[in-house]
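This briefing is intended for a reader who has the sequence and coordinates at hand. It moves from individual residues to the ligand shell, and then to the chains as wholes.

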Amino acid sequence: MTDDRDTISIEQTLENFPPTIADELRAVMRLVPRSVHIRLLDLAEEALGLSSPAVSEFLRTCPFVIERAGPAGLESWCQEGLELLRKSEGSGIEYFRLGTFRSAHLLEKLSPGVELSSIKKLIETYCLALIGGKTPVLPAELPIDRHAIFLPEFVDRYPSKPENFTWYKVMATHQIGHFEFGSYEFRIDKATTLCHNLGLLHGPVDGDDTTTDLLRFLNLFDNSKLATDIFTIVEDSRIDFLTKQRYRGIGQDYSRIQAEALSLRPPITSHSLREAFLEIMVRLSLQGSGKWLVPAILHAPLRLASRIMDRVISPEASIEDSTEAMIHLYQLASRIPASRSRIDRWEAIELNSNGDEPFTSTLSDIDEVLRELQWDATDGSPHFSPAKVEYRGIFRLEPAHEIREAESTGVEEEETKYASSPWPASTETVEMNDVLDIGELAAATDDPEETHVFGMNALSEQDTPFSEAQPEQEDDSNEGESLTVDSPLSYLYDEWDFRASDYRLRWCRVREMPLAEGTPDFFEATLDEYARLVAEIRGRFEQLNPRARRKVKRLHDGEDFDLDALVDFVIGKKAGHGSDAKIYWRRNKIERDVSVAFLLDMSSSTVEYINRLQRDSIGPVFASDYRTYFEWLQSDHQGKLRPKEFKRIIDLEKESIVLLIRALETIGDSYGIYGFSSHGRENVELYMIKDLEEDFSDRVKSRIDSIIPQRGTRMGPAIRHATWKLEQQESKGKFLFLISDGRPEDHSYGREGLEKEYAIHDTRMALLEARQKGVTSLCLTFDQEGHDYLGTICGDMQYEVLADIESLPACLPTLYGWLTT
Amino acid sequence: MSAQGQGTYREHVVEEYIITEEPFYLPVKDEVKLFEAAYSQKIPVLLKGPTGCGKTRFLEYMAYRLGKPLAVVKSRSRKAASSDGQRAIPLITVACHEDLTASDLVGRYLLEGESTKWIDGPLSRAVKAGAICYLDEIVEARKDTTVLVHPLTDHRRILPVEKKGEVIEANDGFLLVVSYNPGYQSTLKDLKQSTRQRFIAIEFDYPPLDLETEIIKHESGVVETLAHDLARLGEKARNLKEYHLQEGASTRLLIYAGKLIVQGVAPRRACQVAVVWAISDEAEVQQSIEEVVSSIFE
Ligand SMILES: Nc1ncnc2c1ncn2[C@@H]1O[C@H](COP(=O)(O)OP(=O)(O)OP(=O)(O)O)[C@@H](O)[C@H]1O
Ligand SMILES: [Mg+2]
């Protein structure tokens, strides 16, 4: 057989590989379809010729790539990587690790599947439109939020992206339907009144406020798990009906997906009578009618159940109708034997929806049916839930109390970010049990039927063993891994790797940090010291001449004649009336609509004295080793007073900030001031000196006092975060002022430690990104030597090198005015 | 063409309507009753509400209702024509903008040969004719223009004509109505308290679903179910306001969509061009609204 021949030749080929790689190859081949084995060997061989670490990365990612993009996709994706590998080993390795933008992006393009992350915002806005309240969309693996809808992280059920998107859309529309059509408007008082009226409930319900009405209600039932299942089936059925009725546009896709769900229902063979009964109810909820082979003894109960369920298939059906139907169905189902016994007679049953013929079931109908069957009291067999209907997602029973209105974006952001943190995988059934807290039912999940868990692989025909090979599952945090968010005020950013000309994904972590408050003295002293400059800057700012200022007409005095007014005036005079001589116009200050973020370099290198001469005579020259700076800085900062005339870069930065604040308060632009420093890519710190939203106050003054040199200068992420902050502003004009010593450098800011080029390119890229996002940047430095770098970093963007603070007033308003008009 | 003479190029920004039959207007709340009461008590009215929600239509309807049949002053010469014993109430609309001056409203001298001639502005004409004068988007006007209406809108009911050294006492039928859309103006442009406190404010919003369905159906001629779907689309799109949109989809836009559908444009496409495109330029938001459209319309 050819199979054997292949196996033999594969074994032979494997011998040509180094043993470790051969082992890895064998492991991978067990995970991927046979048809790609030979090709896989070829590709591995080709990669091996270029770099052996790259082969390992390739092999680790490969099952995932095949799962997403298929064998053809693997080929294209791999070719691209090989090409890169030929140019640069480091970049190639990064590529095969799926750690770069280009790599991830290409894979996404090659795959017919749709990733939740790529459509999350779209779906969220869609849901917001449908129900008018913000509803976060979370990965189905994370059912922790009380008022969210849950979608799988990845869908590739169908061969094309639009079809897979439609699946998401139907799933979202169903789940949001619970909000729109009032599933959560359930009120326990109404429901219990109903029970009292039916004679089912005696005595009051305990007033437990810790849980929701719905849960409290369901817990009233002896078998609350059964009650929950019935309620879910009935309510989902109602929501399906209403959704299709109100959203005719999606109706066709919706029905198709329902039919698919129906075709995937498990056969009834191994069920207990009660399970079989519930299973048919689920099928009824999917289609309303059908012909199925069922235990003959269930015919009468099923006919009754079908008529009871019809009740919610109506445009007017409300949550109360569902509740009533559920109570009745529970009365019926709880009496059907739950133990597995042999079923003697099977007979097909045909159930039809009798929507037109109104039917109000009564408990006596139920009693009648049951009496004939002579089933008595409930039996104690464990309850098994019917297999889930996948497109219906997760029906959270909790949010009954309130659907919270929009959260502040901050909180939402936080949720989103946490969504990527590892969370114990749990099947939905287990989760429901947790929620319901109704004892030891874990056994339920052992049922083979229950393996229809919520998730991307659940219903796909072939089992997909590759999923455990996903690269992100590794937890050894070696040098080259993407980061995760670890606290509410931390943010992840990509970093530009110029050698690979690609982004390293989620490479840097920026933390927002408070800055201790010193005293306002520094602020006041600076103003005193530079009283003359302050006045000058102020004056210049006041006459800042933005191009877009508005012409105000009909004034007594102004820049020039207002011709219209003049004509009127002359005519008036001619007519013999002393018209008002408002015949001038002038440009007035417009309401400026500008936000500015100042990024202040707080790296250790700013400790350098500004003037070479001074520097040489005062302190050691610290090449560019910031650790030595740091030590020196501490000794220096602790007490030894510097002569006033010897200013360090940081001093000038602080002083110019003081002067700037003065000026900005004059013209009233909104501005934020952030200091930044870093210690490796995981620790880029952004100190909040004055947040954009914050008003200027003594506290801001006091924080300026505490600006001291810290550590490294990873400019890229700082710029990206400041850009993000500006993006949150609604102003028309957005500006970023980067005040630094002009030298980006940080621990491993570059492939080989302090590789200047890398840092410079990343910084430059960050500024370009800012420009793309509508943020205009200006770099400012006091260090003559900074000139060289700034030139490269800024390219055609504005930058300015100042000799000393005296030149600030002259240039600032010009720059600022140039920028902000 | 009303007030164009030699020596000046200025046109008066007066829109004039000739209303021959009853405008279609569906009352939403008690606005008709309120307006009637205000009119008979000569209390100036401020109409507050988003664009395209029916303010102008309401006023047309009230002008018609309060003084049917209605004759509209086309020019000064025709003013006297409101004869035949019945009290007709003209409606004179002025769209306010930042360059609107007092003279634009009150009147000015124009050169005529060697002499000059006084021409009344729309406000003077309304005051004399006993018209309802509608200053649309009052906040857009210059502050010194806005204060002009102060003596007209308190017990004095007079319009000073500075240039002529006269005051005009308002005709009994005169009423000043202004509109104001609180949505998109910045707070800086807010009305001055002393202006604001001269008006009662009737608040408008997009009509509730059922009414809006009926309005869309009537105005565009689409069938009931489609009108209902359009109204629902409006409701959904308005949910995005505050988060993603400056303004929700107006009734006017929904009517446009309906009209396109009546002309044979496919509903999804009609909504796309009339609604989706008009209310946002953000690609992602547009896409989301399109998904809503494709959920609702077949
Ligand atoms: N209650 C209503 N009864 C009848 N038609 C209405 C009603 N509300 C809105 N409309 C319809 O909506 C359209 C737009 O209304 P209208 O032009 O009066 O808006 P508006 O509030 O004056 O807007 P804008 O502030 O932009 O001038 C009208 O042409 C009319 O067809
Ligand atoms: Mg209008």
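A:Arg506 belongs to strand 8 of chain A, which runs over residues 502–514. In this predicted model, A:Arg506 has a positive phi of about 40°, although it is not a glycine. Its relative accessibility is 42%, so A:Arg506 counts as partly exposed.

**Further residues of chain A**

- A:Arg586 lies in strand 11 of chain A, residues 584–588.
- With a relative accessibility of 36%, A:Arg586 is classed as partly exposed, because the partly exposed class lies between the 20% and 50% limits.
- The C-alpha atom of A:Arg586 is 5.3 Å from that of A:Val552, and the two residues are 34 residues apart along the chain.
- A:Arg720 is part of helix 26 of chain A, which covers residues 715–727.
- A:Arg720 has a relative accessible area of 6% and is therefore buried, the limit for that class being under 20%.
- Neighbours within four places in sequence left aside, the contacts of A:Arg720 include the aromatic-named residues A:Tyr493, A:Trp496 and A:Tyr503.
- Also in contact with A:Arg720 are A:Asp494, A:Glu495, A:Asp762 and A:Glu769, together with A:Met765 and A:Ala766.
- A:Ser334 is located in the loop that connects helix 15 (319–333) with strand 6 (346–351) of chain A.
- A:Ser334 is buried, its relative accessible area being 7%.
- A polar atom in the side chain of A:Ser334 lies 3.5 Å from the backbone oxygen of A:Gln331.

**A residue of chain B with positive phi**

- B:Glu137 has a positive phi of about 55° and is not a glycine.
- B:Glu137 sits in the loop between strand 6 (132–136) and helix 5 (143–146) of chain B.
- The relative accessible area of B:Glu137 is 18%, so this residue counts as buried, since the class takes in values under 20%.

**Surroundings of ligand 1**

- Ligand 1 is surrounded by 16 residues, and the closest are B:Thr51, B:Gly52, B:Lys55, B:Thr56 and B:Glu219.
- By class, the shell around ligand 1 consists of seven nonpolar, five polar and four charged residues.
- An oxygen atom of ligand 1 lies 2.4 Å from a polar side-chain atom of B:Thr51.
- B:Cys53 has a backbone N or O atom 3.2 Å from a nitrogen atom of ligand 1.
- The side chain of B:Arg252 places an N or O atom 2.8 Å from an oxygen atom of ligand 1.
- On its own, ligand 1 has 640 Å² of accessible area, and the protein covers 89% of that area.
- Helix 2 (55–66), helix 7 (209–220) and helix 9 (251–262) of chain B are the elements that give two or more residues to the shell around ligand 1.

**Chain A as a whole**

- Chain A contains 29 helices and 17 strands.
- Of the 821 residues in chain A, 55% are buried.
- Considering contacts in chain A between residues at least 6 apart in sequence, 75% connect residues at least 24 apart.
- The exposed surface of chain A is about 35,300 Å², and 50% of it comes from carbon and sulfur atoms.

**Chain B as a whole**

- Chain B contains eleven helices and ten strands.
- Buried residues account for 53% of the 298 residues of chain B.
- Considering contacts in chain B between residues at least 6 apart in sequence, 71% connect residues at least 24 apart.
- Chain B has an accessible surface of about 13,700 Å², and carbon and sulfur atoms hold 49% of it.

**Confidence of the prediction**

- The ipTM of the model is 0.77 and its pTM is 0.65.
- Chain B has a mean pLDDT of 82, and 84% of its residues reach 70 or more.
- The pLDDT is below 50 over residues 1–16 of chain B, a stretch that has 39 contacts in the model beyond near neighbours in sequence.
- Residues 69–85 of chain B also have a pLDDT under 50, and the model gives this stretch 27 contacts beyond four places in sequence.

Methods: Residues numbered from 1 in each chain as written. Chains lettered and ligands numbered in written order. Predicted model: local features only at pLDDT ≥ 70, side-chain atom pairs only at ≥ 80, totals over all residues. Heavy atoms only, no water. Helix = DSSP H or I, 4+ residues; strand = E, 2+ residues; numbered from the N terminus. Buried < 20%, exposed > 50% of the residue type's maximum accessible area, 1.4 Å probe, protein only. pLDDT = per-residue confidence, 0-100. Contact = heavy atoms within 4.5 Å. Near = heavy atom within 4 Å. Polar contact = N/O pair within 3.5 Å; in protein donor to acceptor, adjacent residues only side chain to side chain. Areas by Shrake-Rupley, 256 points an atom, 1.4 Å probe, with all protein chains shown as cover. Nonpolar A, V, L, I, M, F, W, Y, C, P; charged D, E, K, R; others polar.
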